[in-house]
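Please walk through the model shown below, moving from its charged pairs to its interior and then to its aromatic rings.

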Amino acid sequence: MGLMKEPGTTKPVERLFPFVLRSRILIVGRDTLARSKGRLHFVLITRDLSAGSREQILQEFSHYPIIQHYTSDDLDKGFGIKGAKVVGFQKSGLAQSIYAELKHYRINLPKKPSQHAQA
């Protein structure tokens, strides 16, 4: 079987989590994320994030893909970060691979350059 992806029988994304830790592409915390926008590939928010915080993230990071998946407990188990509900992934091949497998959980639409007239 090895690397074959059979839906429902494997957890393909989670197998990459140890590599995320080793490669140090995980950005934890809203303040750190805000300072890291130039290196940001996508934002992951948990399902247990409050509606108000979710809206703030959607506004603040509207130019980045935002994925809503997992719980803060899942992030604790996967990455060893307690209580985190918002994390980012730095631009990298690994981040692209993870995003490709999570993109169906994306909650915002890509911004179109012509969508907002310049004020």
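**From the salt bridges to the aromatic cluster**

In this predicted model, Arg15 has a relative accessible area of 39% and is therefore partly exposed. Its side chain meets that of Glu101 in a salt bridge, with a distance of 3.6 Å from N to O. Because Arg15 belongs to the segment before α1 while Glu101 belongs to helix α5, this pair ties together parts that are 86 residues apart in sequence. Glu101 has a relative accessible area of 16%, so this partner is buried.

A search of the whole structure finds 3 salt bridges, and the pair just described is one of them. Side chains of opposite charge can pair when their charged atoms come close. Another salt bridge joins the side chains of Lys82 and Asp76, at 3.2 Å from N to O; here Lys82 counts as exposed, at 71% relative accessibility, whereas Asp76 counts as partly exposed, at 23%. The side chains of Arg54 and Glu55 also meet in a salt bridge, at 3.6 Å from N to O, and in this case Arg54 is partly exposed at 25% relative accessibility, while Glu55 is partly exposed at 40%.

Helix α3 spans residues 51-60. Which of its residues are buried? They are Ser53, Ile57 and Leu58, and, seen down the axis of α3, these buried residues fall within an arc of 140 degrees, so they line one face of the helix. An α-helix has 3.6 residues a turn, so residues three or four places apart point the same way. The face of α3 that is turned away from the buried side carries the exposed residues Ala51 and Gln59, while the cover over the buried residues includes α2 (30-35), β2, β3 and β4.

The interior can be followed next through its nonpolar cores. The largest nonpolar core has 21 residues, of which Val20, Phe42, Leu44, Phe79, Val87, Phe89 and Ile98 touch the most other members. At least two residues of this core are supplied by each of α1, β2, α4, β4 (86-90) and α5, and the largest share, 5 residues, comes from α5. A second, separate core of 12 residues includes Ile27, Ile45, Leu49 and Ile57; Ile57 is also one of the buried residues of helix α3.

Val87, one of the residues that touch the most other members of the largest core, gives a more local view of the packing. Leaving aside residues up to four places away in sequence, Val87 touches Leu26, Ile27, Val28, Leu33, Phe42, Val43, Leu44, Leu75 and Ile81. Among these contacts are Phe42 and Leu44, which also appear among the residues that touch the most other members of the largest core.

Phe42 leads on to the aromatic rings. A pair of aromatic rings is described by the distance of the centres and the angle of the planes. The structure holds 6 aromatic pairs. The rings of Phe42 and Tyr99 have centres 5.5 Å apart and planes at 50 degrees, so this pair is tilted. Since Phe42 lies in strand β2 (residues 40-45) and Tyr99 in helix α5 (residues 93-102), the pair ties together parts that are 57 residues apart in sequence, and both residues are buried. Phe42 and Tyr99 belong to one aromatic cluster that is formed together with Phe17, Tyr70, Phe79 and Phe89. A ring also takes part in a contact of another kind: the charged end of Lys37 sits over the ring of Phe61, 5.0 Å from its centre.

Tyr70, a member of the aromatic cluster, also calls for a look at the backbone. Although Tyr70 is not a glycine, it has a positive phi of about 65 degrees, and its place is in the loop between β3 (66-68) and α4 (72-79). Arg24, which is not a glycine either, has a positive phi of about 55 degrees, and its place is in the loop between α1 (17-23) and β1 (26-28). Are these two loop residues buried or exposed? Tyr70 counts as buried because its relative accessibility is 6%, whereas Arg24 counts as exposed because its relative accessibility is 69%.

Conventions
Residues numbered from 1 in each chain as written. Predicted model: local features only at pLDDT ≥ 70, side-chain atom pairs only at ≥ 80, totals over all residues. Heavy atoms only, no water. Phe/Tyr/Trp six-rings, centres within 6.5 Å; stacked < 30°, edge-to-face > 60°. Helix = DSSP H or I, 4+ residues; strand = E, 2+ residues; numbered from the N terminus. Buried < 20%, exposed > 50% of the residue type's maximum accessible area, 1.4 Å probe, protein only. Lys NZ or Arg CZ within 6 Å of the ring centre and 35° of its normal. Core = buried A, V, L, I, M, F, W, Y, C linked by side-chain atoms within 4.5 Å. Contact = heavy atoms within 4.5 Å. Arc of directions from axis to C-beta. Salt bridge = Lys/Arg side-chain N within 4 Å of Asp/Glu carboxyl O.
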